[in-house]
Structure formats: C-alpha cells, structure tokens
Amino acid sequence: MITFALSKGRLATESAKLLARCGVDTAVLYEETRKLVLTSADGNFRFFLVKPSDVPVYVEAGVADLGVVGKDTLIEEDRDIYEMLDLKIGECSLCLAGYPERKDVLTSPALRVATKYVNTAKRLFSERGEDVEIIPLHGSIELAPVTDLSDVIFDVVQTGSTLKANGLVVLEEVFTGITARLVANKVSLKTKSAEILPLIAKVKEEVA
Amino acid sequence: MANCRLPAGVQDVLPRECALLTDLKLKLERKFSASGYLPVLPAGLEYYETLAGSENAVSEEHMFKMTDTDGKLLVLRPDTTLSIARIAATKLGLDRARLSYFADKFDLQSGGGLTSREIFQAGIECLGEEGTYSDAQCIAFAIECLKEAGLRDFIIDIGHVGYFKGLLEEIGLTAAEAEGVRTCINRKDTMNAERLLKKAGVTGDARNNILALPALFGGKEVFPAAEALTHNSCARKAVDDLKNIDRLLTEMGYEGYISYDLGMIKPLSYYSGILFSGLVKDLGAPVLSGGRYDNLADAFGKHMPAVGFAMGLKRILVALERQGALPEEKKPLVIVAEEGQEARAYREFIARTERGEKVRLSALTGKEGAKQEEDAGYEVLPVGGNT
C-alpha cells in the first residue's frame, strides 16, 4: 500500500486528476466524508488531505510515502525528503509585491515584509544583506500593505488579480516556476521501490 | 510548574524504555566485543578549535557551544566519529585500531519527530584500514548488528562520494557551487540542480551526467549505467570499488540486504569513499549511517584511513516496536517478609539473585505488605516462619 499526503486547497483537484490519469484509484477523494484517512476501494492507496505546509512533515517522517506539494512550501520548509518530479501544475511565482512607490517611514527604517514564507524571506534578505522586519501572517497577505501593517508582501502570485484589485503591483519575481512537486520519503523510495517506482515512472510519462 | 520542564528536543528515558535500551545495548556490546572491537568512551566536551580545524565536518549552527573558564570555546560533542579519530590518531599509538562506542551526541538543531537534540548512538570505527575488503567487512558487520538488534526487513543502501567527485572534476565548479549541486542531488531535486548548473555555465554531457545521478539507484544494474556515463578515472574507480564490494558481500551471503544509490551524497564533508545507510521499511528515517573517511585523522597528525558506522538506538527501538518485535515486559517476583522474618527474606532474595532470577525484595512486610504489592500487579512470594 502506498500512502499519499496531498495538499488541500489550490492543488487538491488538479493533483487528484493527475494521479487518476496514472492509474491511482482516487474515487474516495470525491466522497462526502469527515474521515481523515481515506483508503481506495482496491486497498492499494491511502490518502491524507492536509495543509500544504504539513505535507513535507508527513513525508519526512515516513507516515506518508509520497506527497504532492508546491515548490513554495518545499523552499520554506526545507525538509529532508526526495523531490522526485515536477508535476507542472499550479504554476505561480514567489514575489515581492506592494505599492509601486514606497513611502518612506522615518520611524521604521527597515523594510517591513508581511509573509507566510517566514524562513524563505529571512534567507532571501539575509543573502542580500538587507535589514528587514518580517511580519508573519497566515492568510490574506495583501491586506498588510493596504492597512500599512507592512511596506511590502512576499507571497505567491498566480494571476495577480488580488494584487490588482487592491492597487498593488509585483515589485520583483524572486522565484519563478513554482509548481507542484511529487515528493518521496527517503526510506520508502528504497524499501517500497517495487510499488513506488513504477508509479513514479507513470507520473513522469504523464507530465512529460 | 515551570521548574520541571525539559528544553525542546530532549527526553527522559523512563524505566520500560530504558530496560529495552539497556537490553539492546548489552546485545550490541557483546557483538562488538566478540568481533574484536575495543570499547572507548570519548569525552563529552571538545574544544571548538578541534572540530573547526578538521575540514569543518560539522557546521557550526549544529553545535552547542559554551565558554571555558579561560575564555576558550567549548562544544558538546556534535559527532562521535571525529572524537574517535582524534583518540586513535593521538592516544593509542597503533597503526590499526577497531574501536566501538556507546555515546550521546548533541545537535543544536532539532527537527522534532524522529530527530532529537541528544542522540544516543552505538557505533564502530575501523581505523588504519584501506580498500574494499575493509569496506565490505564494515557493511557486513552493520547488517549483523541490525540482525542482532532484532530488526527484519531492512536494507543497507550504499553510495560512493568518489562518483560525484569525479563528475564534478569534469566541470570545475567553485566550492559553494558544488555544495549547492550536492544538496540538490542528495534530495533527487534535478530541477534545482539543473538551474544551478546552468547558472554556473555547465552544459552538454557534463550537465546531463550530473542530472542523471538522482536516478542511479537500485540493484547492481546501476553499475553499467554509471560506467556508461563517464570515463573520469575517479568516478570509474568509485564504480569499481562498489562492484568489488558487491561481489564480496554477495559471496558472504548478504545479497538480499543491499541496494545502491550513487545519488546519495551526505552532507558530512569528511567522507571520502563509500557511504551507507540502514533503512527499515517501518521507519521513515535511517537507523544506521556510515561511510569511509580516509583523511579525517590527518587533522590530528596521523594518516589513518578509516571506515565506520553509527546506529541510532532510539530509532531502532521505534522500528522494533512497529515491527511488533519488542519483548513483553517481565515483572520481577516480589519477596515480602512476614512479620519479624526480614533477615530470612533477605537470604531468600540473595539466593535467588545468585541463581540469576529476576526478583525484588519489598520494603513492605506482613500480610498488608503482600496485599499492597499484589494490588500493584506483582506476583508475591511471602517468606517467613511457615514457608
């Protein structure tokens, strides 16, 4: 049996469709249920639907053998797992965004950056030798510059429509080509290779 | 109750687990000793300089540091192999030494889950030995140790840094670029490896060969695939080494226990040859990790090529529990003295311990004492005038 940790939200539908095309029985993912662990009818697959940032945690611990998660989360979480394939779905960029002109605020000389990618933002600005104040948020990041909680945001941008509707623009595309990735537990790949490798090969063909 | 909390990433080991840990340690101690390994117990504190001087084997964000009375920087032992190499090179006066240890190592960074900041390890190091016969012996012994621990369904996954180093020789990256590529390859992250290689201006076959590394894992079929990729002498020698090791391990009867991964390139910079990990189906992280480090002792003034491995005893216990292989708890028989018969009960207790029975002498006495022990779930042996 192969256990999957799948990201809820943005990537859920597309990743389920992709797996179905690769012969994974995903019917159970569409059932109305409050169950947390879903097992396919043929008993070959088990799924957990979890918050994207939790996918690498489940996979690193080996509770899940495989996972589907955005590259943004992988950069942020920096877990000890194998990144097997680019699934080429859910493409977006990790961007710095804000008002086109920065207002100088005398009392907070350091750039205030609101983000849910705290580790990535810290690394980015420390590499650039820039002092910034990171403001950790969990959602609706665009609200921060609008309410003057922050000067800029560091977040994923897919279509940019939320930015536009609030008068914000992309200031810099920091990481482009952020897509969903198939990740694997380092032990499972070796100890369950007979089950996992053929599936990975199929997914690879499907996304090629 | 703030005064009874523990810092993050460390744990007390309670009696039931501690008994299992002690049993496991005893088994391995007997195994080490019977196989000719001499025990050492390295010091828990080292000078920061000692560790920083040896090819920066452990990166500093992983070290617990404190200041000595003379202002020198001390670290809590972050890696036992380093300490063993230091001991062998500076204190034993031997050209060859096979050493074993049971020791804690400390890691300032804690990942939570299966990683901890205080890691109890058992390990062996074969110092002053070169060649694939020594490598194969070390891997074979790793398999024997995991068997001795009671694990089943495990494999030893073997790689070789020489192959990656050989491919790198062909493209001439800076140290920082090489480290970036290594990190990506070790994660099987070909996309970012590709991006880094492109940035470094590496193209063509050299690029494709590096990007092929993550897929070079499995059985011995990886050897011809690896040979087909490159003529670099360092890389070809690595494959020859692995082929020799494979032949030796197969002849020794360990064929079913081994797999290969040329894309496994661990972060510790002192590894110079083979690398290996012990993987158990029931646990998401390796239970054993080792490799060859031919130049580590050079920093301590003596050239002693060496190979060794360490096992995480806590992880082995977790894997054993998941495999349902932990023994049932055996409670001791409890001797309770009847009124006024304390000395007699004590003699009975001594006689039984000398016979090797598992027995405890209760501090309680009489019928009431016997009842309390029974209520606590123990089998009671009353000792007195009538018994």
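**Architecture of a predicted two-chain model**

Glu255(B) counts as exposed because 12 C-beta neighbours lie inside 10 Å of this residue, and a residue is classed as exposed at 12 or fewer such neighbours. The structure described here is a predicted model. Glu255(B) is placed in the loop that runs between helix H10 (233–252) and strand E9 (258–261) of chain B. When residues up to four places away in sequence are left out, Glu255(B) touches Leu249(B) and Thr250(B). Between Glu255(B) and Glu342(B), the separation is 87 residues in sequence and 60 Å in space, taken from C-alpha to C-alpha.

The overall organisation of chain B was examined next. Chain B comprises 387 residues, of which 41% count as buried. Its secondary structure consists of 13 helices and 15 strands. The C-alpha trace of chain B spans about 90 × 55 × 45 Å along its principal axes. Two domains are given by the domain assignment of chain B: domain 1 covers residues 15–322, and domain 2 covers residues 333–383. A distance of 50 Å separates the C-alpha centres of domain 1 of chain B and domain 2 of chain B. Of the contacts in chain B between residues at least 6 apart in sequence, 72% connect residues at least 24 apart.

Within chain B, three strands build an open, antiparallel sheet in the order E2-E4-E3. Strand E2 (45–47) and strand E3 (65–67) of chain B occupy the edges; each has a single partner strand, so one side of each is left without a neighbour in the sheet. On average, and with direction ignored, neighbouring strands of this sheet are turned by 40° against each other. The pairing of E3(B) with strand E4 (residues 73–76) of chain B is antiparallel and extends over three bridges. Met66(B) has Leu74(B) in E4(B) as its bridge partner.

A helix pair in chain B was also characterised. Helix H1 (residues 15–34) and helix H4 (residues 132–148) of chain B have axes that come within 10 Å and cross at roughly 145°. The crossing of H1(B) and H4(B) is right-handed. On the H1(B) side, Lys27(B), Leu28(B) and Lys31(B) take part in the contact, and they meet Glu144(B), Cys145(B) and Glu148(B) in H4(B). Sorted by class, the contact of H1(B) with H4(B) contains four charged and two nonpolar residues, with no polar residues.

Chain A contains 208 residues, and buried residues make up 40% of them. Eight helices and eleven strands constitute the secondary structure of chain A. Taken along the principal axes, the C-alpha atoms of chain A fill a box of roughly 65 × 35 × 35 Å. For contacts in chain A with a separation of 6 or more, residues 24 or more positions apart account for 66%.

An open sheet of six strands is present in chain A, with the order E2-E3-E1-E4-E11-E5 and mixed pairing. At its edges are strand E2 (37–39) and E5 of chain A, each of which pairs on one side only. The twist from one strand to the next averages 25°. Inside this order, strand E4 (residues 66–70) and strand E11 (residues 180–184) of chain A pair in the antiparallel sense over five bridges. Leu66(A) stands opposite Ala184(A), a residue of E11(A). Helix H1 (residues 12–21) of chain A lies across strand E1 (2–7), strand E3 (45–50), E4 and E11 of chain A, and the helix runs at about 150° to E1(A).

The two chains meet through 13 residues of chain A, which are in contact with 15 residues of chain B. On the side of chain A that touches chain B, helix H2 (55–61), strand E5 (82–86) and helix H7 (188–191) of chain A each supply at least two residues. E5(A) gives the largest share of this side, four residues. By class, the side of chain A that touches chain B comprises five nonpolar, five charged and three polar residues. E5(A) thus appears both as an edge strand of the six-stranded sheet and as a contributor to the side of chain A that touches chain B.

Terms used: Residues numbered from 1 in each chain as written. Chains lettered and ligands numbered in written order. Predicted model: local features only at pLDDT ≥ 70, side-chain atom pairs only at ≥ 80, totals over all residues. Domains from an automatic or database assignment. Pairing = 2+ DSSP bridges. Axes fitted to C-alpha atoms, helices over the stretch in contact; angles between N-to-C directions. Contact = placed C-beta atoms within 7 Å. Nonpolar A, V, L, I, M, F, W, Y, C, P; charged D, E, K, R; others polar. Left-handed = near helix turned anticlockwise from the far one by under 90°. Buried ≥ 20, exposed ≤ 12 C-beta atoms within 10 Å, placed from the backbone.
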